[in-house]
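Visitor: Hello! Could you walk me through this protein, one question at a time?

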Amino acid sequence: MVSQAPTLAQPLPLGPLALPAGDSEEVAIWTLLESVCDPEIPVLSLREIGVLRAIKAVPPLWQLWITPTYNGCPAMSQMKEDLLAAMQQAGKQAEVLTCLAPAWSSDWITSQAKEKLRAYGIAPPHALAQQAGTQRIRLVPKMHSERIACPQCHSLDTTETSQFGSTACKAMYKCLACAEPFDYFKPY
Ligand SMILES: [Zn+2]
């Protein structure tokens, strides 16, 4: 089915989003949706990982705007279903809409979420030098020159064992200090 794509009056925000405060219904929905986690990284909410970008009231509906982490991410349909299920449980009508521009960046993962990733055993992505308001054209994943710290013992004596880890967005590393294998969330 082809339908006219709804648009937001304002462009989606760039960068990590803080959980808004206040007593509006919109804030209540942001708070409610903190329970909806990345299906591949169950310690991070979709806001924390930078996928849930905006919530807009279009009575009687709530529009939930998401940006895929990268094209073809197999977790996206699961994320949509989980958002809709959480809204339905709360008795709210909702639709999930996808916004492809601006493109998601691992810079949108909140700093608290990066700490949670590390505690979960995944080395968080390094920040990319990205200026607000500029659009990067990404033809190939950026090569990371920084050393990746082991999330277990924090040693920088680590080596990449595979470009792809448990999911395509992660690489596999091994710590040469403590011998622990771990995932590295690649910067995009
Ligand atoms: Zn280690």
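Visitor: What percentage of the residues of the protein count as buried?

Guide: Happy to start there. This is a predicted model, in which local features need pLDDT of at least 70, side-chain atom pairs count only at pLDDT 80 or more, and totals for chains, interfaces and linings use all residues. Residues are numbered from 1 along each chain as its sequence is written. A residue is buried if 20 or more other C-beta atoms, placed from the backbone, lie within 10 Å of its own, exposed if 12 or fewer, and partly exposed in between. Of the 188 residues, the buried share is 27%.

Visitor: Why do the buried residues of α3 line one face of the helix?

Guide: In helix α3 (residues 111-120; helices are DSSP runs of H or I, at least four residues, and strands runs of E, at least two, numbered from the N terminus), the buried residues are Ala-113, Lys-114 and Leu-117. Seen down the axis of α3, they line one face because the directions from the helix axis to their C-beta atoms fall within an arc of 105°.

Visitor: Which exposed residues does the face of α3 turned away from its buried side carry?

Guide: Turn to the face away from the buried side of α3, and you meet Ser-111, Glu-115 and Ala-119.

Visitor: Which strands stand at the edges of the open sheet?

Guide: Three strands form this sheet, with mixed pairing, in the order β3-β4-β5; two strands pair if DSSP finds at least two bridges between them. Two of them have a single partner strand each, so one side of each is left without a neighbour in the sheet: β3 (52-58) and β5 (94-98).

Visitor: What is the bridge partner of Trp-65 in β5?

Guide: Strand β4 (residues 61-66) runs parallel to β5, and five bridges join them. In β5, Trp-65 is partnered by Leu-97.
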